[in-house]
Amino acid sequence: MKPITAVNDFVVKFANVNGSGSASANELFAKATLRMGVPVSPRNIFPSNIQGLPTWYEVRVTERGWLGRRGGIDLMVAMNPQTWDADLKEIEPGGYLFYDNTRPLPPSKFRDDIHVIGMPLTAICNRTYADARQRQLFKNIMYIGALSTLLEIDPAVIEKLFAEQYKGKEKLLDSNVKALHLGRDYAKEHLQHPLGIRVRRADAIGDRIFVEGNAAAALGCVYGGATVCAWYPITPSSSLAEAFQKYCMKYRVDPETQENKFAIVQAEDEIASIGMVVGAGWNGARAFTTTSGPGISLMNEFIGLAYFAEIPVTIIDVQRGGPSTGMPTRTQQSDVLACAYASHGDTKHVLLFPQDPHECFEFSAQAFDLADRLQTPIFVMTDLDIGMNQRLCAPFAWDDARVYDRGKVMTAEELEAGKDFGRYKDVDGDGIPWRTYPGTHPDKGAYFTRGTSRDPYARYSERGPDYVYNVQRLLKKFDTAKALVPQPIVRTANQKTRFGAIYFGSTSPAMDEAIAALEADGLHLDTLRVRAFPFPDSVAEFIAAHDTVFIVEQNRDGQLRSLVVNEFGIDPAKLAAVLHYDGTPITARFIAGAIGERMDAAKVAAIGKGKVA
């Protein structure tokens, strides 16, 4: 049996029990590899309870820099008997299984086509530590030590990470270093090493940073001028609000008076949180809430109010699996339609689709400009995969000369000079009216904000022409947004092709590798990454230029595909859905397999008809 051999190009998966302290140890493995100059992309797949259920931590190691999931496992670190059989199935032929062999297992529990590495971790811990919790925690560090020997990871790198983590806590530092070397020493003496897969020092990181999407979005809110956040805890968005508070304590406290220049409210529920944000936006503050799918469901009425009353609001939706409570700790692109048309009646909302933490930072900051410019709710559509996993990305950049776009705000001077003010009147032809902040002028520029129909001067009206004027103007404003939102990114194949693919958000890292794999097999397709809704005309033009366009997304119903069909009136038969929705992040192999199979079939059919595929 030929073992897998690869340097700086493999996948390791850790199978543990939630609450065992394994997460920090597994993260240590990823960061140590990163410190050796080799790009990694870790993903934490965890249950929605506190402890006792299975959890996995998958690390993609690749000097080529692919940051999506590949599919398949080269080394499985199997520490959970509950998931043993399923974990074993994931290992590639010729791959490696590392496990705790303190208790022997029968031959029937193994596979003949993989390499088995057993180490009596529990027995070593029981001999070394008397405390039960120490035995559990240091067992995790011990297997990291063994892996550092098997994969040739420099132990000095890990020790430096310990030193940074336990600075000023020498007792903890020493005990972790001891556990690390217990694992290393056992592996050196008893296990064949190194394995066929290993880590070699490289210089492939550049100036990229390693950060979670939720932290990046929170920092983007700070730089975007947000001073108000109202939220209710919900996985996977809670850490975004917590990070915003941390950054506000650093950047939004007056250095002289020590007064807070921000307001953060953990509301009693999602309805209250969006209500507070709408109120703050009406009052002129840059305000946001962060939530997930169930929260969006509860917020619908207030979202509709903000849309029709034209109040700037930013909503960051860190998507997870649905319907209802669904899978709280799994990822999906499940809220596209729910957010695009949130609320009853005729509504259309602006959606931004970041692909990584860098765009989480950029788009979150930009959302506040768009909300003020368009006087409407803006949704930043991230998800658990981006939000709660650390990812390599370009460093954040900010131009200190940048001026916030507050949109059309009429001043007291303009009102005093006799400028006509109609709160819902389109005077510029772009569908966007002028507004005033409360208290702008003692007797001019006031209006009544309502969620009911009105005339252009905000006076209550049930006249059909007034209602039609308003909703048609809102459509014109939505059309104006097309040029203001982030534009799609088009990639042209190396040779002319009849095939195209559209994708967005967290599918992007896996899509990049899938495209390269398809090209290596001689299958070429142009791609377009959607970065916002409303879709600019370039999306329709891209579709028109191809016979078949694959739309890749992570939900059951092809929500982006439905949005494209609905907005452009395109024949659905032209759009081939590539759907992944088991709650785990999509893989490059899944995308390449689904698209490649259909492209191959089309190629054979075309050749049979005497056409060039």
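Contact is taken here to mean heavy atoms within 4.5 Å. The structure described is a predicted model.

On that basis, helix H5 (residues 155-165) meets helix H6 (residues 170-190) through Pro-155, Ile-158, Glu-159, Phe-162 and Ala-163 on the H5 side, and through Leu-173, Asn-176, Val-177, Leu-180, His-181 and Arg-184 on the H6 side. By class, seven of the residues in this contact are nonpolar, two are polar and two are charged. The axes of H5 and H6 lie 10 Å apart and make an angle of about 160°. Angles over 145 degrees count as roughly antiparallel, and H5 and H6 are therefore roughly antiparallel to each other. The crossing of H5 past H6 is right-handed.

A second helix pair is formed by H7 (residues 213-223) and H12, which pack at an angle of about 30° with their axes 7 Å apart. Because the cut-off for a roughly parallel arrangement is an angle under 35 degrees, H7 is classed as roughly parallel to H12. H7 also passes H12 in a right-handed crossing. From H7, the contact takes in Gly-213, Ala-216, Ala-217, Leu-219, Gly-220, Cys-221 and Tyr-223, and from H12 it takes in Pro-357, Cys-360, Phe-361, Ser-364, Ala-365 and Phe-368. Ten of the residues in the contact of H7 with H12 are nonpolar and three are polar, with no charged residue.

Side chains of opposite charge can pair when their charged atoms come close. With a limit of 4 Å between nitrogen and carboxyl oxygen, the count of salt bridges comes to 39. One of these joins Glu-310 and Lys-477, with an N to O distance of 2.8 Å. Glu-310 is in the loop between helix H10 (293-309) and strand S13 (313-319), whereas Lys-477 belongs to helix H15 (residues 464-481), and the pair links distant parts of the chain, 167 residues apart. Residues under 20% relative accessible area count as buried; Glu-310, at 1%, is therefore buried, and Lys-477, at 4%, is therefore buried as well.

Asp-369 forms a salt bridge with Arg-402, the closest N and O atoms being 3.5 Å apart. Asp-369 is in helix H12 (residues 357-374) and Arg-402 is in the loop between strand S16 (390-393) and helix H14 (412-416), so this salt bridge ties together parts 33 residues apart in sequence. Asp-369 is buried at a relative accessible area of 11%, while Arg-402 is partly exposed at 34%.

In the salt bridge between Arg-498 and Asp-547, the closest N and O atoms are 3.2 Å apart. Arg-498 is in the loop between strand S17 (489-491) and strand S18 (499-504), and Asp-547 is in the loop between helix H17 (537-544) and strand S21 (548-553), so parts 49 residues apart in sequence are tied together. Both residues are partly exposed, Arg-498 with a relative accessible area of 25% and Asp-547 with 46%. Elsewhere, Arg-286, Asp-369, Asp-372, Arg-402, Arg-406 and Arg-435 are joined into one network by salt bridges that share partners.

Arg-435 is also among the contacts of Gly-281, which, leaving aside neighbours within four places in sequence, include Ala-287, Ile-311 and Pro-312. Gly-281 is part of helix H9 (residues 270-282) and is buried, with a relative accessibility of 0%. Between Gly-281 and Asp-87 the C-alpha to C-alpha distance is 49 Å, at a separation of 194 residues in sequence.

Terms used:
Residues numbered from 1 in each chain as written. Predicted model: local features only at pLDDT ≥ 70, side-chain atom pairs only at ≥ 80, totals over all residues. Heavy atoms only, no water. Axes fitted to C-alpha atoms, helices over the stretch in contact; angles between N-to-C directions. Helix = DSSP H or I, 4+ residues; strand = E, 2+ residues; numbered from the N terminus. Parallel < 35°, antiparallel > 145°, perpendicular 65-115°, else oblique. Left-handed = near helix turned anticlockwise from the far one by under 90°. Nonpolar A, V, L, I, M, F, W, Y, C, P; charged D, E, K, R; others polar. Salt bridge = Lys/Arg side-chain N within 4 Å of Asp/Glu carboxyl O. Buried < 20%, exposed > 50% of the residue type's maximum accessible area, 1.4 Å probe, protein only.
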